[in-house]
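Thanks for coming. I will go through one chain this morning, strand by strand, and then finish with its overall figures. Please have the sequence and the model open.

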Amino acid sequence: VQLQAFGGGLVQAGDSLRLSCTASGGIFSRHAMAWFRQAPGKQREFVAAISRGGRDTNYGNSVKGRFTISRDDAKKMTYLQMNSLKPEDTGGYYCAAKHTILTIDISKLDEDDYNHWGQGTQVTVSS
């Protein structure tokens, strides 16, 4: 499956932004989806994940309560709604996919488990 993220931009602290990730090829509905981010000079960080079917979600500690991941299998889309943005949320945001069986625990997945990655979209939050 090929992925492309978009929707990034320059916003002020406290603003909201919604990122989108479109998928093509493969069977999107058979993939767990995730968002990661990477700030300049820092390691890639897990942001959020959503299971096949969307029943389960998982979030990084720094975004819990502010970000929401969702998916629309009919449109082959994954979204990341980001509210109450902070300057430390600045970075390149990447969507990723992993083909999974139904019962996989997405909280146990890490960066290396995702085998499809899209190009990043830049989010810059000014103070």
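How many bridges join E5 to strand E6? There are 3, and the two strands run antiparallel, with E6 covering residues 57-59. Before I go on, a reminder that this is a predicted model.

Let me stay with that pair for a moment. Ile50 stands opposite Thr57 in E6. E5 and E6 form a hairpin, and 6 residues lie between them. In that turn, Gly53 has a positive phi of about 80°.

Now go back one strand. E4, residues 31-38, pairs with E5, residues 45-50, in the antiparallel sense, over 5 bridges. One position to look at is Arg37, whose bridge partner in E5 is Glu45. The hairpin of E4 and E5 has 6 residues between the strands, and within this hairpin Gly41 takes a positive phi near 80°. So much for E4, E5 and E6.

Next, the start of the chain. Strand E1 is residues 2-6. Which of its side chains are buried? Leu3 and Ala5 are; they point to one face. Gln2, Gln4 and Phe6 point to the other face and are not buried. As a general point, side chains in a regular strand alternate between the two faces of the sheet.

What does E1 pair with? The answer is strand E3, residues 17-24, in the antiparallel sense, over 5 bridges. Two positions show the register. Gln2 stands opposite Ser24 in E3, and the bridge partner of Leu3 in E3 is Ala23. Of those two E1 residues, Leu3 is on the buried face, while Gln2 points to the other.

E3 also pairs with strand E8, residues 77-82. That pairing is antiparallel too, over 6 bridges. Here Leu19 has Leu80 in E8 as its bridge partner. Taken in order, then, E3 pairs with E1 and with E8.

One loop residue before the totals. Asp105 is found in the loop between strand E9, 91-99, and strand E10, 116-117. Is Asp105 buried or partly exposed? Its relative accessibility is 35%, so Asp105 counts as partly exposed. Asp105 and Thr57 are 48 residues apart in sequence, and their C-alpha atoms are 9.8 Å apart in space. Thr57 is the residue I mentioned earlier, opposite Ile50.

Now the whole chain. The protein chain has 11 strands and 0 helices. The radius of gyration is 14 Å, close to the 14 Å that the globule rule gives for 127 residues, so the chain is as compact as a globular protein of that length. The C-alpha trace spans about 40 × 25 × 25 Å along its principal axes.

On burial and contacts: 40% of the 127 residues count as buried. Of the contacts between residues at least 6 apart in sequence, 59% join residues at least 24 apart.

On the surface: the accessible surface comes to about 6,600 Å², and carbon and sulfur atoms account for 45% of it. The chain has 15 positive and 12 negative charges, and the mean positions of the two sets are 4 Å apart.

That is the end of my list. I can go back to any of the strands on the screen.

Notes
Residues are numbered from 1 along each chain as its sequence is written. This is a predicted model: local features need pLDDT of at least 70, side-chain atom pairs count only at pLDDT 80 or more; totals for chains, interfaces and linings use all residues. Side-chain values use heavy atoms; hydrogens and water are left out. Helices (H or I, at least four residues) and strands (E, at least two) are DSSP runs, numbered from the N terminus. The radius of gyration is taken over C-alpha atoms; the globule rule is 2.2 Å times the number of residues to the power 0.38. Buried means under 20% relative accessible area, exposed over 50%, partly exposed in between (1.4 Å probe, protein chains only). Contact means heavy atoms within 4.5 Å. Accessible areas come from the Shrake-Rupley method with a 1.4 Å probe; for residues, only the protein chains shown count as cover. Lys and Arg count as positive and Asp and Glu as negative; His and the chain ends are not counted. The place of a charge is taken as NZ of Lys, CZ of Arg, CG of Asp or CD of Glu. Two strands pair if DSSP finds at least two bridges between them.
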